[in-house]
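Okay, thanks everyone, let's get going. I'll put the model up and then talk you through it.

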Amino acid sequence: PFTKGVVATVLRDSLFGGYFTFARKRLSAEAAQRRSSASSSASSSDLASAAPPERSEFAATVLAGMMAAALSAPMNFVRNMQFSSSPSEPGPSIPRVFRNLYARTAAVRRSKGTRASVQYAFARMNIGWGTMRVGLGMAVGALLYEALNASAHSYLEAKTSVPQLKGLPVKTTTTTATTAARRTNSAQKE
């Protein structure tokens with residue numbers, strides 16, 4: 001019973017993690033490129049009204065999390081169906097779960113129309129408010145991680161005598177929390 005749903009869980013998490021990382025990097029790079037091209041061709045009043053890098057980075061992370069959650073939702077549905085089966089019986093296979101979902105969605109489409117079938121499929125896979133919650137949670141988590149990483153790196157750099165730690169780059173994006181941690185560290189050194 002403890003191995004039930006393992007394959008679906010691994011596939012779900014691989015899809016989510018891989019796509020989230022890809023989409024976040026891609027969306028962040030596109031936002032930075034837009035800011036760069038806008039700053040080179042814009043007047044100073046246009047730059048004052050542009051979104052700060054922290055905001056566009058946060059929005060890119062929210063969107064990447066939402067897209068990754070929606071992409072991995074079918075495998076999450078399979079995992080839930082496998083977990084809901086009796087412990088004494090083997091869970092339904094991945095293809096079987098998808099065939100059943102397709103058959104039920106097709107039946108809804110025949111009886112109530114295409115829009116109702118899409119709503120049915122989204123409801124079964126829990127795509128909706130939870131997807132937005134996942135995206136927001138991933139963005140807040142990334143923001144906290146970057147702030148704590150910058151703070152820990154600054155602390156270790158100031159306190160350690162190990163030459164390998166001195167001057168190591170902090171691999172984070174510039175966020176408000178990261179900038180604040182760097183300013184605090186600079187003020188402490190002065």
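I'll start with the overall picture, then go to the salt bridges, and finish with the aromatic pairs.

Quick housekeeping. This is a predicted model, so local features need pLDDT of at least 70 and side-chain atom pairs count only at pLDDT 80 or more, while totals for chains, interfaces and linings use all residues. Residues are numbered from 1 along each chain as its sequence is written, and side-chain values use heavy atoms, with hydrogens and water left out.

On confidence: pLDDT is the predictor's confidence in each residue, from 0 to 100. The chain averages 80, and 75% of the residues score at least 70. Among the elements, helix 4 (residues 94-112) has the highest mean at 92, and helix 2 (residues 44-49) the lowest at 50.

The fold, then. We've got seven helices and zero strands, where helices (H or I, at least four residues) and strands (E, at least two) are DSSP runs, numbered from the N terminus. Of the 190 residues, 29% are buried; buried is under 20% relative accessible area, exposed is over 50%, and partly exposed is in between, with a 1.4 Å probe and protein chains only. Take contacts, meaning heavy atoms within 4.5 Å: among those between residues at least 6 apart in sequence, 68% join residues at least 24 apart.

Have a look at helix 6 (residues 129-159). The expected span is 1.5 Å times one less than the number of residues, so its 31 residues should cover 45 Å, and the end C-alpha atoms are indeed 45 Å apart. Its buried residues include Gly135, Ala139, Ala142 and Glu146.

Hang on to Glu146, as we're moving to salt bridges. The rule is a side-chain nitrogen of Lys or Arg within 4 Å of a carboxyl oxygen of Asp or Glu, and the count comes to four. So what does Arg24 pair with? One partner is Glu146, with the closest N and O atoms 2.8 Å apart. Arg24 sits in helix 1 and Glu146 in helix 6, so this pair ties together parts 122 residues apart in sequence. Another partner is Glu57, at 3.7 Å between the closest N and O atoms. Glu57 is in helix 3 (residues 53-84), so here the parts tied together are 33 residues apart in sequence.

Buried or exposed? Arg24 is buried at 19% relative accessible area, Glu57 is buried at 11%, and Glu146 is buried at 6%.

Now a bridge inside helix 1: Glu30 and Arg26 meet at 2.9 Å, N to O. They're four residues apart, about one turn of the helix. Glu30 is partly exposed at 27%, and Arg26 is partly exposed too, at 48%. Going back to Arg24, Glu57 and Glu146, shared partners join those three into one network.

Last stop, aromatics. Rings of Phe, Tyr and Trp (its six-membered ring) pair if their centres lie within 6.5 Å; planes under 30 degrees apart are stacked, over 60 edge-to-face, and the rest tilted. The structure holds two such pairs. Phe16 and Phe20 have centres 6.0 Å apart and planes at 5°, so they're stacked. Both are buried, and they lie four residues apart in helix 1 (residues 6-41). Tyr19 and Phe22 are tilted, at 6.1 Å centre to centre and 50° between the planes. That pair is in helix 1 as well, three residues apart, and Tyr19 is partly exposed at 28%.

That's my tour, happy to take questions.
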